Amino acid sequence: MTQPVLSLRNLQVEFKTRRERLRAIDGISFDIAKGEVLGVVGESGAGKSVTGSAVVGLIDPPGRIAGGEIHLSGLRIDNLPPEEMRKIRGKRIGMIFQDPLTSLNPLYRIGDQIVETIRTHIGMSEQAARKRAIDLLAEVGIPAPEKRIDGYPHEFSGGMRQRVVIALAICAEPELIIADEPTTALDVSVQAQIIALIKRLGRDHGTAVMLVTHDMGVIAETCDRVAVMYSGRIAEIGPVQDVIRNPLHPYAKGLMGAIPTLTGEDLRLVQIPGSMPRLSAIPPGCPFNPRCAFAFERCRVERPEPIQRGAQAVACHLYDSSLKESAA
Ligand SMILES: Nc1ncnc2c1ncn2[C@@H]1O[C@H](COP(=O)(O)OP(=O)(O)OP(=O)(O)O)[C@@H](O)[C@H]1O
Ligand SMILES: [Mg+2]
């Protein structure tokens, strides 16, 4: 088996407040292979962004990685000095966020930012870097790139700006891209184009992509695999078609809007009653148990570990075939 580009092992992230220690990420593990797009879904507060921030070394105090390991193509990166991590960001890991303006300096021409990033990370002459920047702008679909390269961020539409950010994210040919809600702020018609572009990165450059989004439609169109997060854990992970057509975890079933009824037919538009617990009030056992229609005693006391079911892994006691509970 080839080495994954990104590998998370039992990652834990904590935020320390005066009164307590809140665990935002509680033991998540996954791999992303070369050229693979992993989608990460889950409702607000599930820990999607914190996971991405942990990977790029941008968890700010009082937050910290409290346990586990992160490997980038075999190199352990969760414990690197900040200076080393800064070199990896931009060079080996590209980042795309929801608001393109967080990545673009309003005072610089976009070309200058791309050229500077290229030259910081790759030894290239000014002229060669400018040529490369124009090629990149063309690749991400900016019309007349040789003219637009001298424009300022405010001269671009939202969608075009996000294309510039993508050019910036890929300019040093990173192995991995972390894209956190990259299309949320964009018009629906533009979203599809940006998604197509991100998808192409994996195909044409072999880039591994972690794509965070609320949008199952985006996931279905873009991703090879999907991880469903709940309360800082992975409820289910597997090939995107399997998880969409046949979600195993009760929470994933709810998210996909289809819970099979006793007669075997799909009941669409199922709302899961209740809401995700706050970090300070995550119940013992399975964090989903208070909302779960199938919860039984064990779910309230014992944390479910991932169980492999075909290509899917599901953290749910319902799938434990080795059930050998002594009759109480
Ligand atoms: N700096 C911080 N200090 C304290 N808690 C934080 C901090 N950043 C995030 N959290 C908490 O960590 C948990 C996970 O947050 P995260 O931003 O990863 O959620 P998310 O899945 O990205 O949600 P959304 O879909 O709204 O972007 C939340 O409970 C959040 O309140
Ligand atoms: Mg987020």
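**Ligand 1 and the helix packing around helix 6**

A polar side-chain atom of Lys 48 is placed 2.7 Å from an oxygen atom of ligand 1, in a model that is predicted. Considered alone, ligand 1 exposes 640 Å², and the protein buries 63% of that area. The points below begin with the surroundings of ligand 1, then turn to the way several helices pack, and end with two features of the backbone.

**The surroundings of ligand 1**

- The residues around ligand 1 include a run of neighbours in the sequence, namely Glu 43, Ser 44, Gly 45, Ala 46, Gly 47, Lys 48, Ser 49 and Val 50, and to these are added Phe 15, Ala 24, His 214 and Leu 279.
- Sorted by character, the residues of this shell comprise five nonpolar, five polar and two charged ones.
- Helix 1, which covers residues 48-55, gives the most to the shell around ligand 1, contributing three residues.
- Besides the contact made by Lys 48, an N or O atom in the side chain of Ser 44 lies 2.4 Å from an oxygen atom of ligand 1.
- The backbone takes part as well, since a polar backbone atom of Gly 47 is found 3.0 Å from an oxygen atom of ligand 1.

**Helices that pack against helix 6**

- Helix 6 (residues 158-170) packs with helix 7 (residues 188-205) at an angle of about 10°, and the axes of the two are 10 Å apart.
- Because angles under 35 degrees count as roughly parallel, helix 6 and helix 7 are roughly parallel to each other, and their crossing is right-handed.
- Helix 3 (residues 110-121) also meets helix 6, with axes that come within 9 Å and cross at roughly 15°.
- That angle makes helix 3 roughly parallel to helix 6, and helix 3 passes helix 6 in a right-handed crossing.
- Helix 4 (residues 126-139) and helix 6 have axes that come within 9 Å, and here the crossing is at roughly 130°.
- With that angle, helix 4 and helix 6 are therefore oblique to each other, while the crossing of helix 4 and helix 6 is again described as right-handed.

**Two features of the backbone**

- The peptide bond that leads from Pro 61 to Pro 62 is cis, and its omega is near 10°.
- Pro 62 has its place in the loop between helix 1 and strand 4, the strand formed by residues 63-72.
- Ser 73 has a phi near 45°, which is a positive value in a residue other than glycine.
- Ser 73 belongs to the loop between strand 4 and strand 5, the latter covering residues 75-76.

Definitions and conventions: Residues numbered from 1 in each chain as written. Chains lettered and ligands numbered in written order. Predicted model: local features only at pLDDT ≥ 70, side-chain atom pairs only at ≥ 80, totals over all residues. Heavy atoms only, no water. Near = heavy atom within 4 Å. Polar contact = N/O pair within 3.5 Å; in protein donor to acceptor, adjacent residues only side chain to side chain. Areas by Shrake-Rupley, 256 points an atom, 1.4 Å probe, with all protein chains shown as cover. Helix = DSSP H or I, 4+ residues; strand = E, 2+ residues; numbered from the N terminus. Nonpolar A, V, L, I, M, F, W, Y, C, P; charged D, E, K, R; others polar. Axes fitted to C-alpha atoms, helices over the stretch in contact; angles between N-to-C directions. Parallel < 35°, antiparallel > 145°, perpendicular 65-115°, else oblique. Left-handed = near helix turned anticlockwise from the far one by under 90°.
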